[in-house]
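Here is a quick tour of one model, written for someone who likes cut-offs spelled out. Have the sequence and coordinates open as you read.

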Amino acid sequence: MDCALNFKPGQIVSLECGDACLHSEVIQVVEVRQVCWVRPLMLVVLVSGKDSPEEYTLSDLRDGADLLWPGSLFRVAFDTEVISLLTELQSLDSEKKDGAIASRQLRDFVDRVWEAFPSAFH
């Protein structure tokens with residue numbers, strides 16, 4: 001948890017669970033509760049069954065709900081992993097931006113994280 005206490009507003013953090021990675025912007029760190037208020041930016045899901053690990057789907061979550069989660073779940077995102085994704089996110093055309101689908105994908109990811117890390121939420 002010490003790492004989470006060093007997060008700064010505006011910093012990009014990542015949370016990996018299975019074949020998916022949630023990249024979010026830190027809004028605030030609530031040290032007393034050891035939680036981070038984050039604004040999800042994008043969800044990257046590796047395409048299973050493909051030979052190349054570079055094949056993934058990218059979901060725009062910028063218009064979705066914020067999360068208040070244990071800081072211990074997050075790590076600092078590396079510039080090299082998010083810069084190209086942020087560029088791709090900016091270039092998504094409007095037909096690929098579906099708020100309902102993005103909301104469902106975030107909800108499904110949240111469910112998987114709760115199942116994978118139950119002790120982090122107690």
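## Aromatic cluster

Trp 114 is partly exposed at 44% relative accessibility; on this scale buried means under 20% relative accessible area, exposed over 50%, and partly exposed in between, using a 1.4 Å probe and protein chains only. The model is predicted, so local features need pLDDT of at least 70 and side-chain atom pairs count only at pLDDT 80 or more, while totals for chains, interfaces and linings use all residues. Residues are numbered from 1 along each chain as its sequence is written, and side-chain values use heavy atoms, with hydrogens and water left out.

The structure has two aromatic pairs. Rings of Phe, Tyr and Trp (its six-membered ring) pair up if their centres lie within 6.5 Å; planes under 30 degrees apart are stacked, those over 60 are edge-to-face, and the rest are tilted. Trp 69 and Phe 121 meet edge-to-face, at 5.6 Å centre to centre and with 80° between the planes. Trp 69 sits in strand S5 (residues 67-70) and Phe 121 in the segment after helix H3 (99-116), so this pair ties together parts that are 52 residues apart in sequence. Helices (H or I, at least four residues) and strands (E, at least two) are DSSP runs, numbered from the N terminus. Trp 69 is buried at 4%, while Phe 121 is partly exposed at 29%. Trp 114 and Phe 121 make an edge-to-face pair too, with 6.3 Å between centres and 85° between planes. Ring pairs thus join Trp 69, Trp 114 and Phe 121 into a cluster.

## Salt bridges

There are five salt bridges in the structure, each a side-chain nitrogen of Lys or Arg within 4 Å of a carboxyl oxygen of Asp or Glu. One of them joins Arg 75 to Glu 16, with the closest N and O atoms 2.6 Å apart. That pair links distant parts of the chain, with Arg 75 in strand S6 (residues 75-76) and Glu 16 in strand S1 (residues 12-17), 59 residues apart. Arg 75 also bridges to Glu 81 at 2.8 Å, N to O, and Glu 16, Arg 75 and Glu 81 form a network. As for exposure, Arg 75 is partly exposed at 24%, Glu 16 at 46% and Glu 81 at 22%.

Arg 112 and Asp 19 form a salt bridge at 3.9 Å, N to O. Here Arg 112 is in helix H3 and Asp 19 in the loop between S1 and S2, 93 residues apart. Arg 112 is partly exposed at 33%, and so is Asp 19 at 35%.

## Ser 59 and its partner

Ser 59 belongs to strand S4 and is buried at 7%. What does its side chain make a polar contact with? The partner is the side chain of Gln 105, at 2.5 Å. A polar contact is a pair of N or O atoms within 3.5 Å; within protein, one must be able to donate a hydrogen and the other to accept it, and residues adjacent in sequence count only if both atoms are side-chain atoms. Beyond four places in sequence, Ser 59 touches Leu 41, Met 42, Leu 43, Leu 89 and Gln 105, where contact means heavy atoms within 4.5 Å.

## An odd phi

Most residues other than glycine have a negative phi. Gln 34 has a positive phi of about 55° although it is not a glycine. Gln 34 lies in the loop between strand S2 (20-30) and S3 and is partly exposed at 39%.
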